[in-house]
Amino acid sequence: MNKKLFIVVNVDWFFLSHRKEIALAAQKAGWHVTIVTADTGKLKDIATLGLRTINLPMSRSGMNIFQELKTLRFLWKLYRQERPDVVHHVGMKTILWGTLASRFAWVHGVVNAISGLGGFFAEDNRGVLARLMPKVLRFAHHRKNLLCIFQNDDDKGLYIKHGIIRAEQARFIKGSGVDLSNFRYTPEPEEGKLRVGLIARMIVEKGIFILTKAAEKLRPKYGETVEFQLIGGLDDHPGAITEAQLQEACDGEYIRWLGYRTDVKALLMQCHIVAFPSYYMEGLPKSLIEADAIGRPVITCNSVGCKETVIDGYNGFLIPTKDVDALAEKLDLLLSDKALRQRMGRNSRAYAEKYFSIDSVVEKHLEIYEELIAGK
């Protein structure tokens, strides 16, 4: 049987960083895999892997209703013409329009990966699309042979609370996984400055300025011995930070913005601590999973998604959102205590081995695809 699987992702680079291994494993297991994603210059890299690609006309953060309907129409026509057996949507925009298109096109099986709800369900979001979204999602998800993968219990609870799915449609996979043989445990560097890393798109809600403010509070004590690194590119999100704002917050020595980088593993290995004070509605941040695997203590917020990567006091610390003082306090504790950093780092690796292996994540995805093809 020639089983056709479409994996629909908002942008090409996100597919490569978060779903590549799943697609390759599915192809190896006998699925005919097509990747539908917006081309930002990386589509050719996906094709090089031996995967079929289709360029998706979609604005990841745009809110123009005519552009959104164009995306819906494109997916509807594509599904109707190609007749995939299973469609896997990743990201809220693709889930919104892709699930709707799949219902109209009578796609056999649908799985939606809820990798963070962003601001769509935030209490202070009163935009037209935010108010309309739960209604559209309820309509689109009201069909047979549809499952949703959640990375945390909070997102699952919101979907059930809003009546989008029934509890039996939910599946739980803790993150997109990490290759533990590639991201190996590495002891912290013994020489040079102590480095604190934050890896994220440069968006306000990711807690970028929470970290820079905490760093400034600690400057009198650590200005000569510590380096804070902001690792990530500029973005088109409504809450995106501008280059001018980053240059104003960074002095190039104590606080540095390194921009978009492809050598994240090497940068993690050079860090002593990973800090991620995000108050964005995360799924399960891959940078924190990778930090755990490398063996670094993590300081993050006791908030949706982030809290799934840390046991407070075991492999890092959970702090309240937007709390500069709490972040500065925990940073000070770790920066001043090498033995504590090393113990928490070893615990992070143990935590990653227990929960975040890419092999387990891939296996669970293939089981879901087979469940949908069988039409259970």
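**Figure 1. Strand β12 and its two faces in the predicted model.** Welcome to this predicted model; our tour opens at strand β12, which covers residues 298-301. Side chains V298 and T300 point one way from the strand, while I299 and C301 point the other way. Are these residues buried or exposed? All of them are buried.

**Figure 2. The neighbours of β12.** Here we look at the strands that pair with β12. Strand β11, residues 273-276, pairs with β12 in the parallel sense over three bridges. Within this pairing, V274 of β11 stands opposite V298 of β12. Strand β13, residues 316-319, also pairs with β12 in the parallel sense, here over four bridges. Which residue in β13 is the bridge partner of I299? That partner is F317. To follow the chain from β11 to β12, trace helix α11, residues 286-294: β11, α11 and β12 together make a right-handed β-α-β unit.

**Figure 3. Helix α12 and its cap.** This helix takes in residues 324-335, 12 residues in total. From its first C-alpha to its last, α12 reaches 16 Å, close to the 16 Å expected at 1.5 Å a residue. What caps its N-terminal end? The cap is D323, with a side-chain oxygen that lies 3.3 Å from the backbone nitrogen of D325. Further along, look for the buried residues of α12: V324, A326, L327, A328, L331, L334 and L335.

**Figure 4. V196 and the residues around it.** V196 is found in strand β8. Its relative accessibility is 0%, so V196 counts as buried. Setting aside residues up to four places away in sequence, V196 touches V226, E227, F228, Q229, C271, I273, A275, L331 and L335. Two of these names may be familiar from the previous view: L331 and L335 are buried residues of α12. Another, I273, belongs to strand β11, which covers residues 273-276. L211 makes a useful landmark too: it is 15 residues from V196 along the chain, and their C-alpha atoms are separated by 9.7 Å.

**Figure 5. T186 in its loop.** T186 has its place in the loop between β7 (170-172) and β8 (194-199). A polar atom of the T186 side chain lies 3.1 Å from the backbone oxygen of R184. Which residues does T186 touch, not counting those up to four places away in sequence? They are M269, I294 and R296. Of these, I294 lies in helix α11, residues 286-294.

**Figure 6. Two loop residues with positive phi.** Let us turn to R83 and W106. R83 lies in the loop between α4 (65-82) and β4 (86-90). Its phi is near 55°, a positive value in a residue other than glycine. With a relative accessible area of 45%, R83 is partly exposed. W106 is found in the loop between α5 (92-104) and β5 (109-114). Although W106 is not a glycine, its phi is positive, at about 60°. W106 is exposed, with a relative accessible area of 73%.

**Figure 7. Stepping back to the chain.** How many helices and strands does the chain have? There are 14 helices and 13 strands. The radius of gyration is 21 Å, close to the 21 Å that the globule rule gives for 376 residues, so the chain is as compact as a globular protein of that length. Its C-alpha trace spans about 65 × 40 × 40 Å along the principal axes. Of the 376 residues, 57% count as buried. Among contacts between residues at least 6 apart in sequence, 73% join residues at least 24 apart.

Notes. Residues numbered from 1 in each chain as written. Predicted model: local features only at pLDDT ≥ 70, side-chain atom pairs only at ≥ 80, totals over all residues. Heavy atoms only, no water. Buried < 20%, exposed > 50% of the residue type's maximum accessible area, 1.4 Å probe, protein only. Pairing = 2+ DSSP bridges. Right-handed = clockwise from strand over helix to strand, strands pointing away. Expected span 1.5 Å × (residues − 1). Polar contact = N/O pair within 3.5 Å; in protein donor to acceptor, adjacent residues only side chain to side chain. Rg over C-alpha atoms; globule rule 2.2 N^0.38 Å. Contact = heavy atoms within 4.5 Å.
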